[in-house]
Amino acid sequence: MKKLSIATFIATVLILTSAHSAFATSPSPNHDSDTATIQALTNYESEPNDNYESADTAVLYEWDNGTNYGYINSMGDLDFWHLPTNNASSYNISLYSPDSYFNYNFAVYEKVPGQNGYTEVARSYAINGVAGVSVPGLKSDGTIPNYYVMVYGNMGFNILDPYRLTIHAVY
């Protein structure tokens, strides 16, 4: 009787464990696609990215926030991110400093076709470590803007903890 009870107990545990993992990792038709999507939602800067030409491409996630991480390594360090734009009506851009007393800021620039240089579209100054703006998306003439975000430190820098830059497309 004891052998039957132990065997029944072990079988029950195995069945429950298998059932739990089946629900925890529900099958998808294309596992590689899911992995690529998850990885594409998080992005880290790569140095050098101190100007428009060396800007990292920011992650944009259509129905949630894409998350981009970077470090302000010294006073005067600038991190440029190229914003992938599409037919959204606007973009909400938020910057979270690693700690509230660092107050990292950012500016958004647009490369306008036919013009030399870049035009500042918006600038946000952090309050308690958070900064944010909304910039226009698709223009009335159908032009898709070409935006760059420049992140810079205002009150110090942190080489150990990254800032977080999120971009949310509004349709």
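In the predicted model, S124 touches N105, F106, A131, G132 and V133, leaving aside residues up to four places away in sequence. S124 itself belongs to strand β7, which covers residues 119–124. Its relative accessibility is 5%, so S124 counts as buried, the limit for that class being under 20%. A polar atom of the S124 side chain lies 2.8 Å from the backbone nitrogen of G132, and G132 is also among the residues that S124 touches.

Strand β7 is one of 10 strands in the protein chain, which also has two helices. Read from the N terminus, the order of elements is α-α-β-β-β-β-β-β-β-β-β-β. Of the contacts between residues at least 6 apart in sequence, 75% join residues at least 24 apart. The chain has 171 residues, and buried residues make up 36% of them.

A search of the whole structure finds two salt bridges. One of them is formed by K139 and E110, with the closest N and O atoms 2.7 Å apart. This pair links distant parts of the chain, the two residues being 29 residues apart. K139 is placed in the loop between β8 (130–136) and β9 (147–152), and E110 in strand β6 (residues 105–110). The partners can be set against the burial limits: E110 has a relative accessible area of 8% and is therefore buried, whereas K139, at 31%, is partly exposed. Partly exposed residues fall between the buried class, under 20%, and the exposed class, over 50%.

The other salt bridge joins R123 and E120, and here the closest N and O atoms are 2.9 Å apart. R123 has a relative accessibility of 29% and so counts as partly exposed. E120 is likewise partly exposed, at 38% relative accessibility. Side chains of opposite charge can pair when their charged atoms come close.

At the surface, the protein chain exposes about 10,100 Å², of which carbon and sulfur atoms supply 59%. M75, F157, I159 and L160 make a nonpolar surface patch of about 440 Å². Within this patch, M75 is located in the loop between β3 (66–72) and β4 (78–83).

Conventions: Residues are numbered from 1 along each chain as its sequence is written. This is a predicted model: local features need pLDDT of at least 70, side-chain atom pairs count only at pLDDT 80 or more; totals for chains, interfaces and linings use all residues. Side-chain values use heavy atoms; hydrogens and water are left out. Helices (H or I, at least four residues) and strands (E, at least two) are DSSP runs, numbered from the N terminus. Buried means under 20% relative accessible area, exposed over 50%, partly exposed in between (1.4 Å probe, protein chains only). A polar contact is a pair of N or O atoms within 3.5 Å; within protein, one must be able to donate a hydrogen and the other to accept it, and residues adjacent in sequence count only if both atoms are side-chain atoms. Contact means heavy atoms within 4.5 Å. Patches are made of residues with over 30% relative accessible area and no salt bridge: like charges are joined within 9 Å, nonpolar side chains (Val, Leu, Ile, Met, Phe, Trp, Tyr) within 5 Å. Accessible areas come from the Shrake-Rupley method with a 1.4 Å probe; for residues, only the protein chains shown count as cover. A salt bridge is a side-chain nitrogen of Lys or Arg within 4 Å of a carboxyl oxygen of Asp or Glu.
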